[in-house]
Amino acid sequence: MWTIWISISIAILVLVLLLGAWGLAEWIRDRRRYRLTSKNQEQAKQRFRLRREWLEAEFLKAAAASGKPRGLRWVDCEFGDDVQYACDEEYGLLRAFVSLTIRFEAIEGGDMEEVEAVSNLRAATGVFEYDGDRWIANPRAIFNLSPNQAILHFKHRSVSID
């Protein structure tokens with residue numbers, strides 16, 4: 001008789017601990033979400049301006065190391081002056097979208113070596129993320145979309161920071 005009550009008590013205790021752990025994880029996730037206010041929007045913009053050259057170099061380094069697109073080597077990126085900001089509310093991130101012109105070359109012995117169009121300049125948008133503390137160079141290039149088109153495509157909420 002006592003073993004049944006002990007088993008039920010242990011099962012209830014485990015259930016309570018699991019629900020508590022889940023609730024704590026949700027609370028931590030919500031606390032880490034970035035909340036946009038006009039004050040921290042301006043701070044984010046200023047930080048992006050101050051770190052932009054470094055972020056661009058990190059973007060090129062990370063994108064070149066990604067191995068994408070397959071068979072091509074990143075040679076150079078020319079970053080445009082226009083920066084568009086948008087908020088990804090699902091993840092609580094502020095993102096900066098910057099126009100790029102990318103130059104590739106074929107990797108020797110690869111599938112793209114004989115393709116003449118490899119040397120053509122490619123238009124793309126580079127993505128940078130601000131997590132509320134710092135900007136991160138995301139090695140993602142969105143090809144054939146301007147920054148505004150990329151914002152609309154990914155259904156971010158545009159943030160005007162003037």
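A residue counts as buried when its relative accessible area is under 20%, and as exposed when that area is over 50%. Keep this cut-off in mind for the tour, because Phe104, with a relative accessible area of 4%, is buried by it.

**The whole chain**

Begin with the entire protein chain in view, and remember that this is a predicted model. The mean pLDDT of the chain is 80, and 86% of its residues reach 70 or more. If you colour the chain by this confidence value, strand S5 (residues 157–159) has the lowest mean among the elements, at 60, while strand S3 (residues 122–130) has the highest, at 91. Where pLDDT is low, the predicted coordinates should not be read in detail.

Now switch to a cartoon view, in which you can look for three helices and five strands. Followed from the N terminus, these elements come in the order α-α-β-β-β-β-α-β. Of the 162 residues in the chain, 33% are buried. Among the contacts between residues at least 6 apart in sequence, 62% join residues at least 24 apart.

**Strand S3 and its partners**

Select residues 122–130, which make up strand S3. This strand is mostly covered, as seven of its nine residues are buried. Add residues 93–106, which form strand S2, and you will see that S2 and S3 pair in the antiparallel sense over nine bridges. To find one position in this pairing, label Ile102 and look across to Arg122 in S3, which stands opposite.

Next, add residues 135–143, which are strand S4; S3 and S4 also pair in the antiparallel sense, here over seven bridges. In this pairing, Glu129 stands opposite Ile136 in S4. S3 and S4 form a hairpin with four residues between them, and in the turn you can select Gly132, whose phi is positive, at about 100 degrees.

**Thr125, inside the strand**

Stay with S3 and pick Thr125, which lies in this strand. Is Thr125 buried or exposed? Its relative accessibility is 0%, so Thr125 counts as buried. Show its side chain, and you can trace how it reaches the backbone oxygen of Ser146 at 3.5 Å. Leaving aside neighbours within four places in sequence, the residues in contact with Thr125 include Phe97, Val98, Ser99 and Leu100, and also Arg140, Ala141 and Ile142. Leu145, Ser146, Pro147 and Ala150 are likewise in contact with Thr125.

**The aromatic rings**

Now hide the other side chains and show the rings of Phe, Tyr and Trp, among which there are eleven aromatic pairs. Zoom in on Trp74 and Phe104, whose ring centres are 5.1 Å apart and whose planes stand at 75 degrees, so this pair is edge-to-face. Since Trp74 lies in strand S1 (residues 72–88) and Phe104 in strand S2, the pair ties together parts that are 30 residues apart in sequence. Trp74 is buried as well, with a relative accessible area of 9%.

Move on to Phe79 and Phe128, where the ring centres are 6.4 Å apart and the planes are at 45 degrees, so this pair is tilted. Phe79 belongs to strand S1 and Phe128 to strand S3, so here the pair ties together parts that are 49 residues apart in sequence. Both of these residues, Phe79 and Phe128, are buried.

To see how such pairs join up, select Phe48, Phe59, Trp74, Phe79, Tyr85, Phe104, Phe128, Tyr130, Trp135 and Phe143 together, which ring pairs link into a cluster. Then turn to Trp54, where Arg51 lies over the face of the ring, at 4.0 Å from the ring centre.

**Two last stops**

Select Gln84, which is found in strand S1. The side chain of Gln84 makes a polar contact with the side chain of Asp82, at 2.9 Å. Apart from neighbours within four places in sequence, Gln84 is in contact with Arg95, Ala96, Phe97, Pro147, Asn148 and Ile151.

Finally, go to Asn144, which sits in the loop between S4 and helix H3 (147–153). Which sign does the phi of Asn144 have? The angle is near 65 degrees, a positive value in a residue other than glycine. With a relative accessible area of 67%, Asn144 is exposed.

Key. Residues are numbered from 1 along each chain as its sequence is written. Side-chain values use heavy atoms; hydrogens and water are left out. pLDDT is the predictor's confidence in each residue, from 0 to 100. Helices (H or I, at least four residues) and strands (E, at least two) are DSSP runs, numbered from the N terminus. Buried means under 20% relative accessible area, exposed over 50%, partly exposed in between (1.4 Å probe, protein chains only). Two strands pair if DSSP finds at least two bridges between them. A polar contact is a pair of N or O atoms within 3.5 Å; within protein, one must be able to donate a hydrogen and the other to accept it, and residues adjacent in sequence count only if both atoms are side-chain atoms. Contact means heavy atoms within 4.5 Å. Rings of Phe, Tyr and Trp (its six-membered ring) pair if their centres lie within 6.5 Å; planes under 30 degrees apart count as stacked, over 60 as edge-to-face and the rest as tilted. A charge sits over a ring if NZ of Lys or CZ of Arg is within 6 Å of the ring centre and within 35 degrees of the ring normal.
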